[in-house]
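Work through the exercises below with the sequence and the model side by side. Try each task before reading its solution.

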Amino acid sequence: MEDLHPGAALPRDLFNADAVLVARRLVGTWLQVGPTGGIVVETEAYRQDDQASHSFRGETARNRAMFGPPAHAYVYRSYGLHWCFNIVCLRGSAVLVRALMPVLGVDIMRDRRGLEDIRRLCSGPGKLCAALGIDPGLDRQPIDRPPILVAEGLADVETVAGPRIGITRDVDRAWRFGLAESRFLSRAFR
DNA sequence: GCCTCGATTTTCT
DNA sequence: GAAAATCGAGGCC
């Protein structure tokens with residue numbers, strides 16, 4: 001494996017754009033929360049004109065962050081149990097970060113997850129939040145100020161695309177993006 | 001490896 | 001009342 005470390009922080013303007021473009025762009029970037037972090041290997045885009053998105057029916061108490069400024073976090077509870085971490089893009093849209101290649105603070109992440117297997121530490125949106133210590137305290141926080149950092153990561157990235165996971169509407173949009181050949185995905189791309 | 005199931009909050013019907 | 005942007009455990013092959 002390469003010598004991995006964060007590069008320059010991504011500018012906020014980058015997130016003031018279509019979530020589909022941002023989702024593809026984020027594959028291979030660095031995501032850090034406090035003392036833990038790694039390389040983003042899987043994302044999904046959700047737009048307001050998209051029936052699978054929480055924002056489709058307008059603003060609610062839960063999805064308020066999606067209607068706030070770009071480059072801020074949207075953290076929500078999934079299936080009543082797990083947390084999911086998104087980055088807000090154009091108004092009413094966001095990118096769900098689904099999987100990470102653990103790099104920084106791996107022992108901390110193992111402790112938080114109670115799991116040794118590095119390939120499964122962050123291989124899903126709920127797992128990733130547990131490993132990074134993400135909770136609703138980060139909802140609506142900027143992603144370019146501590147404890148969050150999103151920065152350049154891998155130099156050359158080959159991405160693959162496919163249908164999103166776990167949704168029942170607008171299922172044919174290929175808005176899930178992954179790092180080609182990565183062993184840290186939540187599921188393989190076909 | 002595959003499958004089924006249950007935990008539990010938010011939203012919608 | 002039921003489904004949802006999920007996960008882990010347990011049963012089976």
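**Exercise 1. Which residues come nearest to DNA strand C, and how does the protein meet that strand?**

Step 1. Collect the residues around the strand. There are 20 residues around DNA strand C, and Tyr76, His82, Asn86, Arg113 and Gly166 come nearest. Being near a strand takes one heavy atom within 4 Å of it. The model is predicted: local features need pLDDT of at least 70, side-chain atom pairs count only at pLDDT 80 or more, and totals for chains, interfaces and linings use all residues. Residues are numbered from 1 along each chain as its sequence is written, chains are lettered from A and ligands numbered from 1 in the order in which they are written, and side-chain values use heavy atoms, with hydrogens and water left out.

Step 2. Split the strand's own atoms. Of the atoms of DNA strand C within 4 Å of the protein, 57% belong to sugar or phosphate. The rest belong to bases.

Step 3. List polar contacts (pairs of N or O atoms within 3.5 Å). His54 places a polar side-chain atom 3.3 Å from a base nitrogen of DNA strand C. Arg98 has a polar side-chain atom 3.4 Å from a phosphate oxygen of the strand. Pro125 uses a polar backbone atom, 3.0 Å from a phosphate oxygen.

Step 4. Assign the surface to elements. Strand S3 (73-78), strand S4 (82-88), S5 and helix H4 (125-132) give two or more residues each. H4 has the largest share, three residues. Helices (H or I, at least four residues) and strands (E, at least two) are DSSP runs, numbered from the N terminus.

Step 5. Sort by class. The surface near DNA strand C has nine nonpolar, eight polar and three charged residues. Ala, Val, Leu, Ile, Met, Phe, Trp, Tyr, Cys and Pro count as nonpolar, Asp, Glu, Lys and Arg as charged, and the others, Gly among them, as polar.

**Exercise 2. Which residues surround DNA strand B?**

Step 1. Name them. They are Arg57, Thr60, Ala61, Arg62, Arg77, Tyr79, Gly80 and Leu81.

Step 2. Sort them by class. Three are nonpolar, two polar and three charged.

Step 3. Look at the strand's side. Sugar or phosphate accounts for 67% of the atoms of DNA strand B within 4 Å of the protein, and bases for the rest.

Step 4. Find the polar contacts. A polar side-chain atom of Thr60 lies 2.8 Å from a phosphate oxygen of DNA strand B. A polar backbone atom of Arg62 is 2.9 Å from a phosphate oxygen. Tyr79 reaches a base oxygen with a backbone N or O atom, at 2.8 Å.

**Exercise 3. What is the volume of the largest pocket, and which element gives the most to its lining?**

Step 1. Take the volume. The largest pocket has about 690 Å³.

Step 2. Find its centre. Of the 30 lining residues, His54, Tyr76, Tyr79, Gly166 and Ile167 are the closest to the centre.

Step 3. Fix the terms. On a 1 Å grid over the protein atoms alone, a pocket is an open set of points with protein on both sides within 12 Å along at least five of seven lines, and a cavity is a set where a 1.4 Å probe fits but cannot get out; lining residues have an atom within 4 Å of a point. Grid points are joined across faces, edges and corners, and a volume is the space filled by probe spheres set on the points.

Step 4. Rank the elements. S3 gives the most, with four residues.

Step 5. Sort the lining. It divides into eleven nonpolar, twelve polar and seven charged residues.

Note on methods
A polar contact is a pair of N or O atoms within 3.5 Å; within protein, one must be able to donate a hydrogen and the other to accept it, and residues adjacent in sequence count only if both atoms are side-chain atoms.
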